[in-house]
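Here are some notes for a colleague who is opening this structure for the first time. They are meant to be read with the model in view, one point at a time.

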Amino acid sequence: MGILAHPRSKKAQPKLQGRGERKTCLPENVSLVKQKPSKELRPRLRTILLSLILFIAAVVAWCYYTVSLRKAERLKTELLDLRVDGFVIRNQHGEVVFRLAFRSGSLDLESCSKEGEILSCTRSSRGPLNFFIQTVKSKDTVMCYRVRWEELADGPAVEHTMFWEDAHWYGGSEMSTQHWPIRLAGYQEPVPYVTSDVYSFRDSFGGILERYWLSSKAAAIKINDSVPFHLGFNATERTLFFQARYKDSPYKPPPGQQPFPELSYRVCVGSDITSIHKYMVRRYFNKPSKIPAENAFRYPIWSTWALYKKDINQDKVLHFARNIKNYHFNCSHIEIDDMYTQAYGDFDFDPIKFPNVTEMFIKLREDGFKVTLWIHPFIHTDSSNFGVGIERQLFIKEPSGRLPAMVEWWNGIGAILDFTNPAARDWFQSHLRQLWHKYGISSFKFDAGETSYLPKQFSTFRPLSDPSIWSRRYTEMAIPFYELAEVRVGYQSQNISCFFRIIDRDSIWGYELGLKSLIPTVLTISMLGYPFVLPDMIGGNFLSDRTDGAVEIPDRELYVRWLELSAFMPSMQFSIPPWLYDKEVVEIAQKFTELHESLVAPLLLELAGEVTDTGDPIIRPIWWISPCDEATHRIDSQFLIGDTLMVAPVLEMGKQERDVYLPAGKWRSYKGELFEKTPVLLTDYPVDLDEVAYFFWVS
């Protein structure tokens, strides 16, 4: 038996050297040891390793950047860059003119793709959605973008933030404190953007409003009618909040549609502010189809309201008419205002106040006076028509649909007619026609109509997805009487060819429903597509607790300056008559009513004839003829009638001079001065108490 060496024995069998192996001769007592790097070599290895890591990171970053760049290119549409948190739009010169942020969620750009002119995404940070931006190149100078963000789940609001940037913005709505351009104060979370009475509810949006804004950078935005639209703002950050929601809101989804909020709008960019506004009006607004009566442009309207308030009767109406004739004033019509009936909701004269009403109207007609009546949508319980409304179901009802919804307005509590109901519309108009035929009434002053006089919860004959549609239905009641009618609510109602009256004014100088607010308000309403604007009563309402420097009638100087400004508006309206002052005021009033008739009215009527084709405003901002002149973007105390007559009234107490800006062109003043070196600012231009500075464009 042979002997096997133990594997762990020190006397292991020698390994045979293979062919080609290198023979190493070492002493038997020397073993091989792996050599360690020297201390000097270690930093070099670390540097090489770090460099390698940085190189790999750079390659990865470059690859990611390249992919992102390609993705970004795919998410670009013409002059618009889409980002995860919003988008920006540039004009043809590369200047950012519109910036918007997604406030309620961010897009998942990996879900976005572009096909043709449509860029769409299917996910946001909140989950699935339907989002797209479609580019619409309307013509060489205008680029438009249709934007839609629709949630695919019930509940969450969609909110986008529009930045004013360094631009000036116009449009929106009538406000209690009106500035031109828009100037907001403080912070407001989004609230329903619906019609409201800003005289009674000062922090709300006005009775005339549209979902349309326009900037001095030639960008415009129009929110779609289908949106359950809420508006807020942050004046410090110069932003508007556009929000769509159904939860805790007066908006309701259309029947059969899920309550998934959708925020959709159109943004258009043009070459200048005037041309982009003209484009938007022609594209998205209706236009009047007819023109109000010529006399409403030519002669003053005389209202009983500010003079007599509710204390009106037959003798006072006849006395008022006699004085108009005795002081040699012309008259479009006399407007008999509040409380000529026994109860609110009646459609006939109070026999105690008007014992011989038929004879009164015969006398007024013989003296050449037309008459209109104040009317409203409320029916009080002490009116015989309240029972009729209950029986025929003519009223807006409580949510249950069984009982009428009683509402509070400035004259008490009553039911309110449901103008979505054809039966209520026919019933209301039949009573107006009866007054028309029985007494020869020429037309009506349709007061109220704002959604602020609807109950918080209600039901209508036809469901209202947008409560302001009720305001529009009420305004439509004026159509048969359009020639001398006036309304004070306007929402998608530009096709109604009557005068739209601005909300009541206080007898004060300032921007909060005072004299200085007139031009900004008329310009705003004009930009919203309503060219026939009635600037309410000369001197204001004269309520004792809302007036400046007067006891029994509006301040004399305030009244004169108000009168002078009104002479250049589409229509003049007196209530506090000039003969309550002195001979000089009567003479100033006669001078300016004659000037309105001879100079202003012919131009107004010419422009009114063009409105049905163009939709252009009659009263225009100074930037209308000089859109690229930045100085014109801030002027709120001058205006144009058409393109050829510029008006600069005095609006400051105690002043008989003012600064006047003349844009580029030749201008001749009412004094005969010729100004050729323009644009120019005329500082301290003298304007006496019986004057208004106005200038003609010289071709």
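1. The model is a predicted one, and the pairing of strand 6 with strand 7 is a convenient place to begin. Strand 6, residues 118-124, runs antiparallel to strand 7, residues 127-139, and 6 bridges hold the pairing. A hairpin with 2 residues carries the chain from strand 6 into strand 7. Two positions help to set the register: Cys 121 lies opposite Phe 131 of strand 7, and Leu 119 has Ile 133 in strand 7 as its bridge partner.

2. On the strand 5 side, strand 6 is joined to strand 5 by 3 bridges, again in the antiparallel sense, and Leu 119 serves as the bridge partner of Lys 114. The hairpin of strand 5 and strand 6 has 2 residues between the strands, and in this hairpin Gly 116 adopts a positive phi near 65°.

3. These strands belong to an open sheet of 8 strands, in which the order is 5-6-7-8-16-13-12-10 and the pairing is antiparallel. Why do strand 5 and strand 10 each have one side without a neighbour in the sheet? Strand 5 (113-115) and strand 10 (169-173) stand at the edges, and each has a single partner strand, so one side of each remains unpaired within the sheet. From one strand to the next, the twist averages 15°.

4. Thr 161 deserves a separate look, as a residue of strand 9, which covers residues 158-163. Its relative accessibility is 7%, and because burial is assigned under 20%, Thr 161 counts as buried. Leaving aside residues up to four places away in sequence, Thr 161 touches Arg 99, Leu 100, Ala 101 and Arg 103, together with Thr 239, Leu 240 and Phe 241.

5. Two of these contacts of Thr 161, Arg 99 and Arg 103, also appear in arrangements of a charge over a ring. Arg 99 lies over the face of Phe 163, at 3.8 Å from the ring centre, while Arg 103 lies over the face of Phe 241, at 3.9 Å from the ring centre.

6. For residues 303-455 and 515-600, an unreviewed UniProt entry lists "domain: Glycoside hydrolase family 31 TIM barrel". Over residues 303-455, the chain is 35% helix and 16% strand, and the C-alpha atoms at the two ends lie 30 Å apart.

7. Strand 22, residues 412-416, pairs with strand 20 in the antiparallel sense over 2 bridges, and in that pairing Phe 378 faces Ile 416 of strand 22. Strand 22 also pairs with strand 21, residues 407-409, in the antiparallel sense over 3 bridges. Here Trp 409 stands opposite Gly 412, and a hairpin of 2 residues leads from strand 21 to strand 22.

8. Across the whole structure, a search finds 59 aromatic pairs. In one of them, the ring centres of Phe 378 and Tyr 453 are 5.9 Å apart and the ring planes stand at 90°, so the pair is edge-to-face. The pair links distant parts of the chain, 75 residues apart, with Phe 378 in strand 20 (residues 378-379) and Tyr 453 in the loop between strand 23 (443-446) and helix 9 (468-475). Both Phe 378 and Tyr 453 are buried.

9. Ring pairs also build a cluster, whose members include Phe 347, Phe 419, Trp 427, Phe 428 and Trp 436. Phe 444, Phe 446, Trp 470, Tyr 474 and Phe 481 belong to the cluster as well.

Notes: Residues are numbered from 1 along each chain as its sequence is written. This is a predicted model: local features need pLDDT of at least 70, side-chain atom pairs count only at pLDDT 80 or more; totals for chains, interfaces and linings use all residues. Side-chain values use heavy atoms; hydrogens and water are left out. Two strands pair if DSSP finds at least two bridges between them. Helices (H or I, at least four residues) and strands (E, at least two) are DSSP runs, numbered from the N terminus. Axes are lines fitted to C-alpha atoms, for helices over the stretch in contact, and angles run from 0 to 180 degrees between N-to-C directions. Rings of Phe, Tyr and Trp (its six-membered ring) pair if their centres lie within 6.5 Å; planes under 30 degrees apart count as stacked, over 60 as edge-to-face and the rest as tilted. Buried means under 20% relative accessible area, exposed over 50%, partly exposed in between (1.4 Å probe, protein chains only). A charge sits over a ring if NZ of Lys or CZ of Arg is within 6 Å of the ring centre and within 35 degrees of the ring normal. Contact means heavy atoms within 4.5 Å. UniProt positions are given in the numbering used here, feature names are shortened, and annotations may be inferred rather than shown by experiment.
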